[in-house]
Amino acid sequence: MSTSDASSTAASWLIFRSLTRAAGFVGDQFIGRVATIASILAILWATGKLALRPASWTRPVRSVFGRQLLFTCVDASSVGVRFGAAVGVLVIVQAAMWIDALGVTTEIIAPILWKAIVREIAPLLACLVVIGRSCIAISTELATMVVGGEVEVMDAQGLDPMTCLVMPRILSVVISVFCLAIIIATSMVVTGYVIGWVMGAIRVSWTTFLDLIVSQFHSLDLLFFVPKTIIAGAFAGAICCIDGLNVRGTMTDVPRVSSRSGIRALTAVFAVSAVLSVLIYGRLLVFKIL
């Protein structure tokens, strides 16, 4: 074999090894993502089954569910109003300014604003509020219980951690995201109109503005709003519970797990929202069925 042939063979071998390693890395990442999604779906399926079984709702479980719902939804209502007010001023006033720039009327802009708020902005803001305020706290609480040995004690006492710890928290997160999205959407519309009217950007009366929005309400809006709040909230709650219960190490590892679960939950919310948008707006689900 000549020197040039040997060099060519060595180069081909190096290219082959690089491609093999790249393929192995991509395969490992793909399998890891599939396993993560499978574990999330499994815990959501178990949550649904346990929630439908009356025997699961013992007094301690009801207490955990009530306290989590109070913290995640009721106590976060004022935060949702403030978020909705701030974003409503930005979105509606900015859109009203474009009415003059583009020479269109409020009748044209109002339906676009309504659909954007109900279908995209309000569910996303509700998820952000719940993740930032509650999901990270859930992950921290569960991780602390695991490291401190409380989960093992519960298991030894015959108490199922899935029923007592995970199920009520995921349900609370789902309900809270749905309710907060309604609060945020309402706050955005009301505050946006008030500020826009004061600034002179909106020149129609409140009743006329409200009629324009209500007249655009369609049953399809619920098919956008409900999945984007319930599915995204369920994924966020499941991820934080899984990360919290899977912590390994000492108490110093708890903050790292909590921050990672928050990032993972945010990523999942954006991914779920994007997938649902493609499925719904791409006419793969809703419009074909209807």
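**Helix α6 and its two partners**

Let me start with the crossing of helices α6 and α7, which is right-handed (the near helix is turned clockwise from the far one by less than a right angle, whereas anticlockwise would be left-handed). Please keep in mind that this is a predicted model, in which local features need pLDDT of at least 70 and side-chain atom pairs count only at pLDDT 80 or more, while totals for chains, interfaces and linings use all residues. Residues are numbered from 1 along each chain as its sequence is written, and side-chain values use heavy atoms, with hydrogens and water left out.

Helix α6 runs over residues 161-199 (helices are DSSP runs of H or I, at least four residues, and strands are runs of E, at least two, numbered from the N terminus). Its 39 residues should span 57 Å at 1.5 Å a residue, and the 54 Å between its end C-alpha atoms agrees with that (the expected span is 1.5 Å times one less than the number of residues). At Met167, α6 bends by about 30°, with Pro168 following within four residues (the bend is the angle between axes fitted to the seven residues ending there and the seven starting there). Just after the helix, Gly200 has a positive phi of about 85°.

Returning to α7, residues 206-215, this helix packs against α6 at an angle of about 140°, with the axes 11 Å apart (axes are lines fitted to C-alpha atoms over the stretch in contact, and angles run from 0 to 180 degrees between N-to-C directions). In the contact (heavy atoms within 4.5 Å), Val189, Val190 and Tyr193 of α6 meet Trp206, Phe209 and Ile213 of α7.

As for helix α2, residues 59-74, its axis comes within 8 Å of that of α6, crossing at roughly 35°, and this crossing is right-handed.
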